[in-house]
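The exercises below are meant to be worked with the sequence and the coordinates open side by side. Try each task before reading the solution that follows it.

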Amino acid sequence: MKSTKYLLVLCFILAAQHALPQAIKVERNVAKALKKVSPETLKNHIAYLADDRLLGRKPGTPGYDTAVAYIINQYKKAGVKPSGENNSYLQAVKLRNATTGTNAILQLQGSAGPAAMLTYGHDYIIFPNPQLPLVQVQAPLVFAGYGISAPQLGYDDYAGRDVAGKIVVVLRGAPEKFEKTVAAYSMDMHTILENAAAHGAVGVVVGTTNAQATLPNQAHGSYSVLTPEGKVAVSRNYVSDQIKLLAQVTNEALLRLFSNASLDYEKTIASLKNGTPASAPLQITVSANYTSAYHDIDSYNVVGLIEGSDPQLKNEYVVHSAHLDHVGIGTPVDGDSIYNGAHDNASGVASLLEIANVYNRLKEKPRRSVLLVMVTGEEMGLLGSAYFARHPTVPAASIVADINTDMPTIIAPLLSVVALGAEHSSLAQQVQQASAYMGLTVEADPEPDQNRFVRSDQYSFVTQGIPALHIKYGNKTADGKNNLDVQVKEWRAKYYHKPQDDINGIFDFEAGKKYAQLNFLIGYLVAQSAQRPAWNTGDFFGQGSH
């Protein structure tokens with residue numbers, strides 16, 4: 001009996017060991033190069049990029065151009081080859097800032113006369129159209145739930161509903177049964193617009209279920225990327241000239257629309273949350289008339305190449321991305337108006353520069369090639385990365401993966417990590433292997449409601465069908481309380497998108513070293529693997545371009 005117990009315990013231990021990620025053996029030269037990642041060098045990069053002289057690195061300003069020049073110089077020092085346009089390190093990204101004219105009009109007409117009087121700026125706003133300077137449209141309103149069309153998930157707000165030539169009213173949200181990353185994708189504005197356009201709609205009106213929510217401030221306009229021919233290439237608020245209206249209304253205005261159609265508001269909301277569409281005509285016609293004004297800005301992605309060593313696989317690319325931009329000069333806080341962006345994202349840029357130095361120390365490069373892509377316009381809606389993912393400087397089909405680094409939040413020892421998005425593809429294997437080598441635990445996202453999966457540049461690659469991930473801090477702490485997210489929330493309240501995010505803030509540069517080493521190792525393992533990264537069988541994001 002006793003021996004049987006011991007045997008059972010031994011079997012349990014062996015099974016548990018088998019379930020744990022197996023630490024990989026790293027070649028001696030790679031391990032040696034990894035150890036030379038320097039916390040002091042990371043600090044120096046961050047200090048330069050977050051210096052007041054760069055004025056917050058806003059695209060289109062001399063400060064951003066100074067940052068670009070710094071990156072190019074560091075690439076050259078690290079032996080990184082140019083992989084931009086025309087044998088340069090640069091990919092031109094023409095940004096368009098569009099603003100709506102103050103005379104924007106949205107009128108509602110019911111079957112028995114005017115349905116409601118709405119006031120611009122109080123009850124509704126109209127987002128600018130980056131392609132059409134003057135828009136006039138008149139069409140019936142149809143409530144289309146969350147604006148989701150995902151029959152493969154058993155949910156479609158457009159099923160059995162004709163919205164061709166009509167304007168759809170949608171709510172931002174997703175059924176409670178949707179997995180978090182799929183829900184985040186589904187409620188992304190670009191996804192909502194694409195679904196509306198695919199079903200023939202000519203406009204989208206977004207409502208909110210939050211009675212306390214205010215309309216977004218449109219003083220700074222909306223940004224898009226233009227093609228060299230001057231057409232819109234990338235925008236979060238525009239998909240084609242077919243969608244002539246994108247507006248947002250308050251909860252109070254939304255309730256007026258529902259009452260005119262005799263819809264039961266509470267029952268409709270409950271139905272949607274439970275995963276049952278509740279689309280219906282609203283018995284109202286909308287007339288919209290508005291203008292848009294434009295200001296175009298020249299900016300750049302900076303693209304460097306570490307050429308692979310395999311005759312065939314060197315024509316495939318692993319991308320390391322980080323956004324170079326920040327928000328520039330803004331409202332003063334405690335007398336400081338320069339939003340330096342030391343953590344967001346000078347720290348991520350510094351990490352990529354150290355990854356370049358690791359590769360520079362390797363005589364034998366990995367089998368696949370590696371691209372280091374510093375992108376612009378992340379703070380404007382992931383625009384630089386979206387443009388690169390759709391119009392890369394290498395053949396689009398040759399990009400196998402993206403490992404993104406955005407605000408790793410190096411404020412405490414790094415003991416565990418979250419690999420946002422890795423659960424959808426075989427990249428999870430490289431994450432587990434590299435983390436085990438580094439002695440790091442891989443955890444689930446401690447803040448899933450933050451929707452971080454769709455809020456940084458890896459998402460631009462995912463929507464183009466490319467497996468991607470974003471390494472963030474985990475919750476593990478040295479004192480065993482495992483509540484690092486509490487400290488991060490406190491830090492975020494004081495520093496995030498504030499002038500206080502400068503080199504004098506809270507930093508743990510040893511944690512920064514670990515981040516750089518881990519991201520390098522994940523990318524290196526992908527670059528060395530005989531197998532190209534693949535989406536998990538049946539995964540939502542692997543079912544074609546989104």
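## Exercise 1: a residue in a strand

A322 has a relative accessible area of 0%, and it is therefore buried. The model from which this value is computed is a predicted one.

**Task.** Determine in which strand A322 lies, and which residues A322 touches when those up to four places away in sequence are not counted.

**Solution.** Begin with the secondary structure, where A322 falls in strand β15, which spans residues 317–323. Next, list the contacts: A322 touches N345, G348, V349, L352, V373, M374, V375, N404 and T405, with residues up to four places away in sequence left out. One of these contacts, N345, has its place in helix α9, and a cis peptide bond with an omega of about 5° joins D344 to N345. Finally, compare sequence with space for one pair: A322 and T376 are 54 residues apart along the chain, and their C-alpha atoms are separated by 9.0 Å.

## Exercise 2: the buried side of a helix

**Task.** Identify the buried residues of helix α3, and find out which elements they pack against.

**Solution.** Helix α3 covers residues 39–49, and its buried residues are P39, L42, H45, I46 and L49. Because these residues cover an arc of only 125° around the axis, they lie on the same side of α3. The elements they pack against are α4 (62–77), α9 (342–361) and α14 (509–528). To complete the description of α3, turn to its N-terminal end, which is capped by S38, with a side-chain oxygen 3.2 Å from the backbone nitrogen of E40.

## Exercise 3: a serine and two backbone nitrogens

**Task.** Decide whether S235 is buried or exposed, and work out which backbone nitrogens its side chain reaches.

**Solution.** S235 has its place in strand β12, residues 232–235. With a relative accessible area of 4%, S235 falls under the 20% cut-off and is therefore buried. Now follow the side chain of S235, which reaches the backbone nitrogen of N237 at 3.1 Å; a polar atom of that side chain also lies 3.3 Å from the backbone nitrogen of Y238. Beyond its neighbours within four places in sequence, S235 is in contact with P130, H190, Y223 and S224.

The residues N237, Y238 and P130 appear again in the lining of the largest cavity, together with F127, P128, N129, I243, K244, L245, L246 and Y290. This lining divides into 8 nonpolar, 2 polar and 1 charged residue, and the cavity holds about 50 Å³ of space. The search of the whole structure finds 5 cavities of 30 Å³ or more.

## Exercise 4: an open pocket

**Task.** Describe the second largest pocket by its volume, its closest lining residues and the classes of its lining.

**Solution.** The second largest pocket contains about 320 Å³ of space. It is lined by 21 residues, of which A419, L420, G421, E423 and D445 are the closest to its centre. The elements that give two or more residues to this lining are α5 (180–186), β20 (416–420), α11 (427–438) and β21 (441–443). Sorted by class, the lining has 11 nonpolar, 4 polar and 6 charged residues.

## Exercise 5: loop residues and positive phi

**Task.** Establish where A174 and M407 lie, and say for each whether it is buried or exposed.

**Solution.** A174 lies in the loop between β9 (167–171) and α5, and its relative accessible area of 14% means that it counts as buried. Leaving out residues up to four places away in sequence, A174 touches Y146, I148, A183 and M187. A174 and G145 are 29 residues apart in sequence, while the distance between their C-alpha atoms is 9.1 Å.

M407 lies in the loop between β19 (399–404) and β20, and at 9% relative accessibility it counts as buried. The backbone of M407 deserves a separate step, for its phi is positive, about 45°, although M407 is not a glycine. Q283 can be set beside it as a further residue other than glycine with a positive phi, here near 60°, and Q283 lies in strand β14, residues 280–306.

Note on methods. Residues are numbered from 1 along each chain as its sequence is written. This is a predicted model: local features need pLDDT of at least 70, side-chain atom pairs count only at pLDDT 80 or more; totals for chains, interfaces and linings use all residues. Side-chain values use heavy atoms; hydrogens and water are left out. On a 1 Å grid over the protein atoms alone, a cavity is a set of points where a 1.4 Å probe fits but cannot get out, and a pocket is an open set with protein on both sides within 12 Å along at least five of seven lines; lining residues have an atom within 4 Å of a point. Grid points are joined across faces, edges and corners, and a volume is the space filled by probe spheres set on the points. Ala, Val, Leu, Ile, Met, Phe, Trp, Tyr, Cys and Pro count as nonpolar, Asp, Glu, Lys and Arg as charged, and the others, Gly among them, as polar. Helices (H or I, at least four residues) and strands (E, at least two) are DSSP runs, numbered from the N terminus. Buried means under 20% relative accessible area, exposed over 50%, partly exposed in between (1.4 Å probe, protein chains only). The arc is that of the directions from the helix axis to the C-beta atoms. Contact means heavy atoms within 4.5 Å. A polar contact is a pair of N or O atoms within 3.5 Å; within protein, one must be able to donate a hydrogen and the other to accept it, and residues adjacent in sequence count only if both atoms are side-chain atoms.
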